Amino acid sequence: MDCYSDVLTNDNPFVPPKGMRCPVNDIPPELLSLIFEVGAQSIKDGEDEEDEDEAMAVYWNLEASAKDGVDEESETVHLKRSRVTRNDGVDEDGLSESSMDSDATFEPEPSFQVLISHVCHHWRMVALNTPSLWTEIDVSPLDSPPFERVQILLERSKSLPIDIRIDCEPPDDDEEEYSSGSENSELGQSPHSMTFSDLDNLMSLLVPHISRWGSIEVTVACYKHMFVFLSAVSDPSIVGAPQLEALQLYHHEDAESLTAFAHPDLVQHFKLFGGIAPRLKSVALWGVHVDWCQEWLSCGSNLLDMELSYHTDDVRPSWTQFAAILCGAPKLETLSLCSSGPLGAPHDWYPEGGSGIYGNDYTGVIELHSLTHLVLAFHLPAYVSGLLRRLAFPALKSLTLDFDNDDFTDFAAQLAGPVATAVPAVPKDGEKKHSLLSGLDTLKISGFQCSDRSIEIMYAELSNLKALNLAMAYLPTAFLQLLYHPCSVPGQRDVRHVCLPSLTTLSTANVPGHQIRELVQKRKEAGVPLKAVYMEENDEVTDHDLKWLRDNLEEFDFFEASDDEFVEEELEGSESEWEEVDD
């Protein structure tokens, strides 16, 4: 029996070796370092959740007892203590997560990097000397000086590019207290959020490393926090951010007016990084304004993704500045304009037919040849209609629309008709002008009030559409019904067919399961079956319908609606603030 047992356990990777030998320590440090890098990246990307669960199980086993006898200053006990931190949120290694209240708290499991650095002395030395494991710096609203964890990460990451996320928003349970007018809220901040002086101290640690910044994301609820950040990265001593590829600035604060910035004393348009960030690929400015003429915006030769959201009229770029930004980004693939865009009404923009700074050949239309994904949200019909007469998207494949309760029937006709421009472009010989919709393969609509007939006309142009996402709470029912009830063909009175013949993937919100089942069944009978359906997780579906959908589709699942799905509800109270504009 012993011989048989030896055969089973010999070289079995699931059975620990006998004696003091530890085969993993025979691996060269360079290879072990690479294994650590792959493991950290795998967990970051969520590629193998089971492996992550196993790693966490190791942590809990270590926490329960110290059977492996690690001596590195009692590493196992050290790891145990990282679960319960002092009220300043810093453990002995300086890398624990911030405490969620003023008392000692039960902490979540440590990150992969911290976990592997507490296994044994050998692993610790390898991990600490692998800079790529320590390049992510996350700062919560409860962090405070001296920011020991940030200092440690800056040191361990050595000269590698660093990714920084700074969250200055108070915890969710603080929102009611914050908005109710407490003593601290009069100072413009929640009592449980990072103070302005603390943020200033944090920036004094980070700015000297600005040449290493690979990405920066800042989220605030109070604009004064954003002002502190903008001031810090606009210091005259800063000569650029040479490695910065992503700039994401989010200001989440309910605006009292859509025309005037709520903080006149903080309205300054900053020139960030000395205007130099040559590698910038992604820019998101959510309720945050900057100098619209600075080089990394007006000459964004590497810019791929730009999001402009929630800018009041007085801080928006002029049409000339907006046009320069688009013309200076020849590689731009994604453009999102949510309650933002060029200042004024369409008739205030660049005079039609003029040449101006663009030369005598300028037609008045900006062609975005690389743009494949466009998002338009919370605009008036006249504004968005004028915008599409001055922009052309010959490569557009994905469109997202989310509008308020105005009538967009005329805009629907514009989308379905031949591409119209402020200054008509002369088509090449033999070239047929197509609609903007005809080239789409993905469409998401979350808010779009229009006539049922205009929906039929739109759907008739979407013969190549493969994926459709409908949030039916703010849409006419025809958007869904026409997917499984035959509709007329424009120009052919007696011909009726099911719309969107190429559609294979459908995502819905606010649609019950029985209606989805009927839709799937009728499209299958009509010879245009769906392959995949995704329902919002809160929508009602019976077990019987659920089983039927999974049996009759290649893929069926639920999804969780993002916070953006509910932005319209938050803005409904301020709709009256909009002023009508004439084209």
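**Strand pairing, a crossover and two side chains**

Trainee: How do you know that strand S11 (residues 398–402) and strand S12 (residues 442–447) pair?

Mentor: They share 5 bridges, in the parallel sense, and pairing requires that DSSP finds at least two bridges between two strands. Strands here are DSSP runs (E, at least two residues) and helices likewise (H or I, at least four), numbered from the N terminus. One bridge puts Thr 400 opposite Lys 444 in S12. This is a predicted model, where local features need pLDDT of at least 70, side-chain atom pairs count only at pLDDT 80 or more, and totals for chains, interfaces and linings use all residues. Residues are numbered from 1 along each chain as its sequence is written, and side-chain values use heavy atoms, without hydrogens and water.

Trainee: What joins S12 to strand S13 (residues 467–471)?

Mentor: 4 bridges join these parallel strands; Ile 445 has Leu 470 in S13 as its bridge partner. The chain passes from S12 through helix H15 (residues 452–460) to S13 in a right-handed β-α-β crossover.

Trainee: What makes a crossover right-handed?

Mentor: With the strands pointing away from the viewer, the path from the first strand over the helix to the second runs clockwise.

Trainee: Why is Val 528 called buried?

Mentor: Its relative accessibility is 14%, and buried means under 20%, exposed over 50%, partly exposed in between (1.4 Å probe, protein chains only). Val 528 therefore counts as buried. Val 528 touches Val 498, Pro 501 and Arg 523, not counting residues up to four places away in sequence; contact means heavy atoms within 4.5 Å.

Trainee: Why is Leu 34 called partly exposed?

Mentor: Leu 34, in helix H2 (residues 29–45), has 44% relative accessibility, so it counts as partly exposed.
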